[in-house]
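Trainee: Could you take me through one part of this model closely? Please start from the whole chain, and tie the part to its surroundings.

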Amino acid sequence: MDSLGRSWLLLTGFVLFYFTYLLFGALVFSSIERPVEEELRRDLDALKRSFLNHSCVSAADLELFVSQVLSANRYGVTVHRNSSGPSNWDLTSAMFFANTLVTTVGYGQTAPLSDTGKIFSIVYALIGVPFTMLVLTACVQRLMYPLVLAPLGLLQRLGLKPRPAAAVHFLLLLVLVVLCFFVAPAAIFSVVEGKWSFLDGFYFCFISLCTIGLGDFVPAMQPEQNLKEVYQITVMVYLFLGLMMMYLLLRTFHKMSDLHGLTTFLQLPRCEESDLEDDREPIMENRQGDQKRSQHTQQAASEHLEPASQPSYNSISTR
């Protein structure tokens, strides 16, 4: 198998291990948190019955009732549902929570109830967050040639100079990302969620893909959500692909800024040209290739180049 085939095989292994890691986290979170949630539901249901049985409620009893209801609601257990309502820690819901944990979106609508769950969340995130960043980086590296280098080469062959070609390409990529990962999903969310407007859906997409995760809008939280499991898995795939495209968009903007001199003007680090060569090479290189690149880097570092004379990512010839 050639190096390119090994590269794609490794990337496939990364993605498969990523989803396996999510499934593992879902199983652990579900086994730890679901019994605690069920106990909390029973306690809240008993508190509700006790409250309703009182013909005359004192101010202290009312304050205690409200305090416990708010405390339970903070963990995703609401007084509007009884103990037979859908769990927040079934397999797909736990997997959805694990996905928001390792992608750092973290809506906060569902949180660990037990100390064991909190400790596992820390350990799980310590491993999962760096690995998720690694998988996203590897995927973006594979997408740089078909979505960045090849279109830039085409624009230059059509007669555009490097700087205008970079600007046109970035605007086209921006429009593509906005339409495919903001506008279209927002329209879908406004239909599926029912109570969401198009603006609510667009707001949710922006907050999620920017990893802000305020938690005021969370999908699949309706008590009688149709095909809830399929819906949650679809949202997880959307978040992964959306974060990958946001990373690609930011990287493209950084390289366009290099070309237009913005990073030099602001005295920011440049995206080195060798990074783009790596985007066209397999993820795993042999030792001989590493030594050649190391020698090339040392030679380039010994030469002084003016900012205007440095090669740009648009000058790379496409295959």
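**From the whole chain to Val 102**

Mentor: Of the 319 residues in the protein chain, 40% count as buried. Keep in mind that this is a predicted model. The chain has 10 helices and zero strands. Read along the sequence, the pattern is α-α-α-α-α-α-α-α-α-α. Contacts with a sequence separation of 6 or more come 75% from residues 24 or more positions apart. The exposed area is about 17800 Å², and carbon and sulfur atoms supply 65% of it.

Now the close look: Val 102. Where does Val 102 lie? Helix H3 covers residues 91-102, and Val 102 lies in that helix. Is Val 102 buried or exposed? Val 102 counts as buried because its relative accessibility is 0%, and the cut-off for buried is under 20%.

Which residues does Val 102 touch, leaving out those up to four places away in sequence? Three of them are Tyr 18, Tyr 21 and Leu 22. The others are Tyr 124, Gly 128, Val 129 and Thr 132. Two helices with known limits help to place these partners. Helix H1 spans residues 3-53, and helix H4 spans residues 115-157. Compare those limits with the numbers of the partners as you turn the model. A C-alpha distance adds to the picture: Val 102 and Phe 131 are 29 residues apart along the chain, with their C-alpha atoms separated by 8.4 Å.

Stay with helix H4, and look at its surface. Ile 119 lies in this helix. Ile 119 is exposed because its relative accessible area is 55%, and exposed means over 50%. Ile 119 also belongs to a nonpolar surface patch of about 520 Å². Its partners in that patch are Ile 122, Val 123, Leu 126 and Ile 127. Set the two positions side by side: Val 102 is buried, whereas Ile 119 is exposed.

Helix H1 carries a charged pair. How many salt bridges does the structure hold? The count is one. Glu 38 pairs with Arg 34, and the closest N and O atoms are 3.8 Å apart. Both residues lie in helix H1, four residues apart, about one turn of the helix. Glu 38 counts as partly exposed at 36% relative accessibility. Arg 34 is partly exposed too, with a relative accessible area of 32%.

A second C-alpha pair sits further along the chain. Helix H7 runs over residues 228-259, and Leu 259 is found there. Leu 259 counts as buried, at 12% relative accessibility. Its C-alpha atom is separated by 9.9 Å from that of Ala 167, 92 residues away along the chain.

Next, the loop between H6 and H7. Thr 211 has its place there, and Leu 227 is found there as well. Neither is a glycine, yet each has a positive phi: about 55° for Thr 211 and about 50° for Leu 227. Their exposure classes are not alike. Thr 211 counts as partly exposed at 30% relative accessibility. Leu 227 is exposed, with a relative accessible area of 64%.

The cysteines need a brief word. The structure holds zero disulfides. Cys 180 counts as partly exposed at 40% relative accessibility. Cys 210 is partly exposed, with a relative accessible area of 26%.

Finally, how far to trust each region. The mean pLDDT of the chain is 79, and 74% of its residues reach 70 or more. Confidence is highest in helix H6, residues 198-209, at 95. It is lowest in helix H9, residues 273-279, at a mean of 48. Over residues 276-288 the pLDDT is below 50, and this stretch has 36 contacts in the model beyond near neighbours in sequence. Residues 314-319 also have a pLDDT below 50, with 20 such contacts. Read the contacts of those two stretches with the confidence values beside them.

Back to the part you asked for. Val 102 lies in helix H3, is buried at 0% relative accessibility, and touches residues including Tyr 18 and Tyr 124.

Definitions and conventions:
Residues are numbered from 1 along each chain as its sequence is written. This is a predicted model: local features need pLDDT of at least 70, side-chain atom pairs count only at pLDDT 80 or more; totals for chains, interfaces and linings use all residues. Side-chain values use heavy atoms; hydrogens and water are left out. Patches are made of residues with over 30% relative accessible area and no salt bridge: like charges are joined within 9 Å, nonpolar side chains (Val, Leu, Ile, Met, Phe, Trp, Tyr) within 5 Å. Accessible areas come from the Shrake-Rupley method with a 1.4 Å probe; for residues, only the protein chains shown count as cover. A salt bridge is a side-chain nitrogen of Lys or Arg within 4 Å of a carboxyl oxygen of Asp or Glu. Helices (H or I, at least four residues) and strands (E, at least two) are DSSP runs, numbered from the N terminus. Buried means under 20% relative accessible area, exposed over 50%, partly exposed in between (1.4 Å probe, protein chains only). Contact means heavy atoms within 4.5 Å. A disulfide is a pair of cysteine sulfur atoms within 2.5 Å. pLDDT is the predictor's confidence in each residue, from 0 to 100.
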